[in-house]
Structures are given as structure tokens and as C-alpha cells.
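User: I would like to go through this model in short questions. Please reason briefly and finish each reply on the value or name I ask for.

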Amino acid sequence: MAVALGFTAPSFAQFGNCTPSEKWQYIDKVTGQTITVLTDTTKNDRFLYQTDPMWTADGKYLLFRSSSRGDDKMIEQTTRDGKKRSYRPTQIYFIEMETGNIIQATEGPNLGNAFLANKTNRMFMSRREEGNWNMYVMDLDKFFADVKKGKVKKAKNYETFIGTFPTEMGKPGGYAVDCNDDYAYIGVEREGTEEEKERMNKNAFLPLTNQPIKIKPVLSGLRKMNLQTGEVTKIIDTEFKIGHIQASRFTPGEIVFCNETGGDAHQRMWFCTADGSVFKPLYKETPLDWVTHETFGTKDFVYFNILGFQPRLRKQVSGIVRINLRTDDVELIGQVELGMDQNAMEGQLTGRGFWHCNSSRDNKWAAGDTFAGNVWVINVETGQRHQLVSDTKMKPDHAHPSFSPDGTKVLFQSGHFTNGKRLNLMMVDIQSLNK
């Protein structure tokens, strides 16, 4: 087993393993930018979804997930529609940014979601254990210190049990953690009443004939778990499937989520408060708006994208947009026109614009990936656009650009070097754009 200089092998097969840096750099032939590759192309690595924090509170470690770095056995599963599938469990890893060393921080078959604390170096984790949905918190400072000493103990020595989600509160799934690290906001599926189901089906979004229904509506809700006591209480119920739960990193008790259809929706974005007193649409859509990939970017703004990838959607404004949470004012940040967004390998003009977006915490920069597989940043104040990266392939997953907490780096994932078969995790420093 490869071990980084200054580290000794841990006594357990996976948990706490530390391997040498995989960093290297290349110059993007289209943009001229220096791209830092953080992970090699032999693994199945991915960043967390762009809405979730990936940096530890001290900024020294960057989190990612992978299903091919450990020695986990394949899991056999029967899906809801009766199909058999096999998969390897996904585990959580950290890159130590100073050295590039890669550390495995979880093991076993039952990990659900992981979410980094905002104020301290801790990680909240949900697990499926004997039919229960359990929440734990991991002391990362203690863990990293033992990794450096080469004296990693069993996982239970770094984890504290918080609580079990009550089955009567619904079927829990994804979650976000409040900026004070005191509550987790958890999405659930619920049974509900026949009247609710009838309304849900009546009001469900019906796409155009050439757009398949990817995700069917389901009665859902939001619950909150006290991360000190484990107590779970209700926030709201919805008559659509909740997705992309986000908590403000700046203001306690503010939550953004979406009506998840896998495509378009009558009303995509929603806002609520943790006490349930406010529950309202965020940016009221027109029939021609195809809203997607909202990001709780800053204290007062949620950034999102209005798609322009079809000719009919180009008949009104599209691109990266932000809405002010205090005033409901909406601003267009920018779009990429037909002649600007080019497939670098094939030389084809796509003209389909941005797909995902994000923003720096100081409101200075917005970032977006395009249908052609390019990553751009936009100066929010001036509107000036800069292409950072070309030809990420947008497969086997999208680029999903996000910013470091200090706004100096853009992270993304790319299938460029494997022709879309596997992903490299990459980073580009944008400080030179300030000059």
C-alpha cells in the first residue's frame, strides 16, 4: 500500500488510509488557464453536489466521495421496480490541501449522506443501521491528528451518536445543516391523505411530449433534528417531491429547496424558515421559464439558472440569475451566446448556454458550466465573462463548478482525460482575473 511521506500505515484496512498526492497541472489549450488536477483518472471520484460544503471550517481539507478507492465488496440490491443492481459503497475522502495527501474518512456499507459543519472541523453523517436512519457526528480534528501520527483508531473513537429518525415522521433522505451547526433540516417522503395525493397528481407538472417524466411526484416534507439532543420536529409538508435542501451559511433558520421533477416544473424554487412560519415560492415562474440548479450563495442572494438550451427558451431572457431574499428583486448575471460557447474537441457551436451555476460568498463572481462542457466565471459587478476551462465532457457527471470559501478558486469535475468515462477532480485559481 502506498503511504505518504511522514505517514505510517493504519492498522485497519480502509478507515484512516492515507495515500500520496495525485496533484498535477496542465494548461488548457483553449483558455490558457493553469488547471490543477487533484485526483488521478483511474478512480471513480466525485465532488459533493455543488450546493453542499466541501471545505472543512479551517479551509485545510477538501472533501470528496469515491466508490473505487477502498476494498469494499459489491452490494446487491433490488430496486422498487424489481430490477437487480450491483454497486460498490461510496466512501468519504479528504484532500489535505497543503500536501495533496488523500485520507479515507469512512468505511462500511451503510453510509448515507455526509455534511460538513460550518464552524468547527466536524462532519455529520447519516447511516442506515438495522432499518434505522441514524445521525452521527465525527471529530475531524482528532481524526486528522491521529492520521498524521499513524495511529488511527477504529471509527467509533471519533464518532458520537446523535439520534434516530422516528419512522412516524416520514422516510428521511437528504439533509442540510444550519449555519450554527445546531439543526439538520431533513427531507422526507410521507404517506399523507388520499385528498393530498389527489391534489398532488392533479397539480403535477406535465412536460412536453418530447420530455420524459424522470421523477414522479411524491408527498414530502421537511423535518429538523436537534443536533445536540436528537429530537426531531416537523417544519412543513409539501405535495411535491423535495430536493436540493440548502441552509443559509449566514443566517440561521433559512432554508431553500426545490420541487424535484428531474426536469422542468411549474414552480421549481421554494423558501421556508426553520419554524415553518414562512413557506413561499422563490422567484415566481412564467410558463416559459425553465428554472434549475439554485444555489444558496450569499447572505441575501440565491443564484439559479434559467435554461436556454432549446430554441423556444431563447425567446426570452435566460442565463445565470440571482434573486434577493429580502426584496424579491431579480437580476440577470449573464449568459453565453451562440457564437461563444464551443465544443473544443469537435469545433461545434452549441449555443445552449449555462446548465449549473454557483457564486462566491462575497458576491463578486458567478460560475457556470455549459452544455458544451465549458466552465465560465462572470464578474457580477461588471458582467465581464471569462472562460476558465474547455471540454469537460459533462459525463459521466456534470462539471458542477463551485468556489472555495475565500472565492479565489473554482472547483469542478471533468471527464476530459478519459473521454467521459471517469472524472478527474480539478481546481483553477482565479486570482489573476482580479488584475
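User: Does Cys357 count as buried or exposed?

Analyst: The model is predicted. Cys357 is found in strand E28, residues 354-359. The cut-off for buried is under 20% relative accessible area. Cys357 has 0% relative accessibility, so the residue counts as buried.

User: Which residues does Cys357 touch, leaving out those up to four places away in sequence?

Analyst: Cys357 lies in strand E28. With sequence neighbours up to four places away not counted, the contacts of Cys357 are Gln50, His293, Thr295, Tyr303, Phe304, Asn305, Ile320, Ala367 and Gly368.

User: How far apart are the C-alpha atoms of Cys357 and Val321?

Analyst: Along the chain, Cys357 and Val321 are 36 residues apart. In space, their C-alpha atoms are separated by 9.0 Å.

User: What is the arrangement of Tyr283 and Phe304: stacked, edge-to-face or tilted?

Analyst: The structure holds 22 aromatic pairs. One of them is Phe115 with Tyr175, with ring centres 6.2 Å apart and planes at 40°, so that pair is tilted. For Tyr283 and Phe304, the centres are 5.0 Å apart and the planes stand at 40°. This pair, too, is tilted.

User: Which parts of the chain does the pair of Tyr283 and Phe304 tie together?

Analyst: Tyr283 is buried, and so is Phe304. The two parts are 21 residues apart in sequence. Tyr283 lies in the loop between strands E21 (279-281) and E22 (291-296), while Phe304 lies in strand E23, residues 301-306. The pair therefore ties that loop to strand E23.

User: Which strands hold Phe115 and Tyr175?

Analyst: Both residues are buried. They are 60 residues apart, and their pair links distant parts of the chain. Phe115 is in strand E10 and Tyr175 is in strand E14.

User: Which strands stand at the edges of the sheet E10-E11-E12-E13?

Analyst: This is an open sheet of 4 strands with antiparallel pairing. An edge strand here has a single partner strand, so one side is left without a neighbour in the sheet. The edge strands are E10 (111-116) and E13 (159-164).

User: By what angle are neighbouring strands of this sheet turned against each other on average?

Analyst: The strands follow the order E10-E11-E12-E13. With direction ignored, the average turn between neighbours is 25°.

User: Which residue in E12 is the bridge partner of Phe124?

Analyst: Strand E11 covers residues 122-129 and strand E12 covers residues 132-139. They pair in the antiparallel sense over 8 bridges. In E12, Phe124 is partnered by Val137.

User: At what angle does helix H1 run to E12?

Analyst: Helix H1 spans residues 140-149. The helix lies across E10, E11 and E12. Relative to E12, helix H1 runs at about 60°.

User: Over the ring of which residue does the charged end of Arg127 sit?

Analyst: A charge over a ring also occurs at Lys224, whose charged end is 5.0 Å from the ring centre of Tyr183. For Arg127, the distance to the ring centre is 5.1 Å. The ring belongs to Tyr136.

User: How many residues of strand E5 are buried?

Analyst: Strand E5, residues 61-66, pairs with strand E4 over 2 bridges in the antiparallel sense. E5 also pairs with strand E8 in the antiparallel sense, over 6 bridges. The strand is mostly covered, and its buried residues number 5 of 6.

Notes: Residues numbered from 1 in each chain as written. Predicted model: local features only at pLDDT ≥ 70, side-chain atom pairs only at ≥ 80, totals over all residues. Heavy atoms only, no water. Buried < 20%, exposed > 50% of the residue type's maximum accessible area, 1.4 Å probe, protein only. Pairing = 2+ DSSP bridges. Contact = heavy atoms within 4.5 Å. Axes fitted to C-alpha atoms, helices over the stretch in contact; angles between N-to-C directions. Phe/Tyr/Trp six-rings, centres within 6.5 Å; stacked < 30°, edge-to-face > 60°. Lys NZ or Arg CZ within 6 Å of the ring centre and 35° of its normal.
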